Amino acid sequence: MVEPSWTVVVPVKRLDAAKSRLRGALDRVPHESLALALAQDTVAAALACPLVGEVLVVTADRTAAESLRALGARMVPEPPQGGLNPAFVVGAARAAGRWVAALTADLPALRPVELAAALRSAADDPGMRRFVADAPGTGTTLLTAPPGVPLSPRFGVGSAAAHAASGAVALPAVGPTLRRDVDTPADLVAAAALGLGGHTTALGLGGHTGTLLEPAAPVYGADMQGTVATFDPQLRSGTLLLDDGTQVEFPAAAFDASGLRLLRLGQRVRIEHDDAGGLTRITLPTFR
Ligand SMILES: Nc1nc2c(ncn2[C@@H]2O[C@H](COP(=O)(O)OP(=O)(O)OP(=O)(O)O)[C@@H](O)[C@H]2O)c(=O)[nH]1
Ligand SMILES: C=C(OP(=O)(O)O)C(=O)O
């Protein structure tokens, strides 16, 4: 039997308002960067899942839209009234007639193989909506609907019970990374214990399971390259994701020394630094 191809809908709240319970969880990491990294790892895992044909991100946030489009997701505008369930409904409407999976954007440890197992199991009964409760058991991380069946999302406080009351059936034996949503600093530690995706790891807490540690000072190799993760043209500064997985900020002076007029997100660059490790110049990899 040919397996169905799923459309995964991932709403992403405006980054300055999203994940408010996590605000201040990581010293020296801007809140928006943490909220974005969680969404990037969630979307990257969904895109890497072999049963997923398309990921639709519903967002009003321009930074999130740009970064998640660069990963390969398609953007759907936030409905005017805002709100999580309306965002899911608008995304699902774009996927009418297809297998739809509603996924929250706060699953930074998600493994494509665990999402694939859940989707495979959800497709076993072609008439039914299925859901996955979050790790505490009260919320929901995934809600699925077969073609022709309305998604009818009931995300929010107590959503696992609300989904069950609406006729959706819990999926059995779901892997831990699909259930591990991150709402609080303690959740982030628990997700780190499962193994975080690359974007959240790059913030400096990958591998640490006891405490949330400050990012270590970067140690650069002789010819370190990376990609542009953020860039503010007005401030002329931003952040780079280096090839060794660390994320570093670059000051306006390093951009000014580049001779470039603009940096694009995802653009490859090479860095030059002083003896103390401060970034002094960004160049294109071909320049010396
Ligand atoms: N597009 C969109 N996404 C939303 C909205 N509200 C929540 N989300 C997303 O839904 C997911 C799960 O929601 P919550 O865990 O309640 O996240 P949150 O509202 O960002 O977090 P808190 O402020 O801590 O409650 C998150 O990944 C959010 O980005 C919304 O109004 N619009
Ligand atoms: C919106 C939800 O997320 P959380 O409970 O994690 O805030 C939900 O579980 O339905």
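How far apart are the mean positions of the positive and negative charges of the protein? The separation is 6 Å, computed for 25 positive and 27 negative charges. This value, like those below, comes from a predicted model.

## Overall architecture

The protein contains nine helices and twelve strands. Its C-alpha trace extends over about 60 × 40 × 40 Å along the principal axes. The radius of gyration is 20 Å, in agreement with the value near 19 Å that a compact globule of 288 residues would have.

Contacts between residues distant in sequence are well represented: where the two partners are at least 6 apart in sequence, 61% of the contacts join residues at least 24 apart.

## Burial and surface

Of the 288 residues, 48% count as buried. The exposed area of the protein is about 13000 Å², and 55% of this area is supplied by carbon and sulfur atoms.

## Annotated binding site

An unreviewed UniProt entry assigns the feature "binding site" to T140, G156 and S159. These positions are spread over 20 residues of sequence, yet they cluster in space, with a largest C-alpha distance of 8.2 Å.

Two of the annotated positions can be described further. G156 lies in the loop that runs between β6 (140–145) and α5 (159–165). S159 belongs to helix α5. The two also contrast in accessibility: G156 has a relative accessible area of 41% and is therefore partly exposed, whereas S159, at 2%, falls under the 20% limit and so counts as buried.

Leaving aside residues up to four places away in sequence, S159 is in contact with T138, G139, T140 and R154. One of these partners, T140, is itself among the positions that the UniProt record annotates.

## Strand β6 and residue T144

T144 is located in strand β6, the strand that spans 140–145 and precedes the loop holding G156. The relative accessibility of T144 is 1%, and the residue therefore counts as buried.

Which residues does T144 touch, not counting those up to four places away in sequence? The partners are W6, V100, A101, L119, A122, M128, R129, R130 and L151. Like S159, which is buried at 2%, T144 is buried, at 1%; the former is placed in helix α5 and the latter in strand β6.

How values were computed: Residues are numbered from 1 along each chain as its sequence is written. Chains are lettered from A and ligands numbered from 1 in the order in which they are written. This is a predicted model: local features need pLDDT of at least 70, side-chain atom pairs count only at pLDDT 80 or more; totals for chains, interfaces and linings use all residues. Side-chain values use heavy atoms; hydrogens and water are left out. UniProt positions are given in the numbering used here, feature names are shortened, and annotations may be inferred rather than shown by experiment. Helices (H or I, at least four residues) and strands (E, at least two) are DSSP runs, numbered from the N terminus. Buried means under 20% relative accessible area, exposed over 50%, partly exposed in between (1.4 Å probe, protein chains only). Contact means heavy atoms within 4.5 Å. The radius of gyration is taken over C-alpha atoms; the globule rule is 2.2 Å times the number of residues to the power 0.38. Accessible areas come from the Shrake-Rupley method with a 1.4 Å probe; for residues, only the protein chains shown count as cover. Lys and Arg count as positive and Asp and Glu as negative; His and the chain ends are not counted. The place of a charge is taken as NZ of Lys, CZ of Arg, CG of Asp or CD of Glu.
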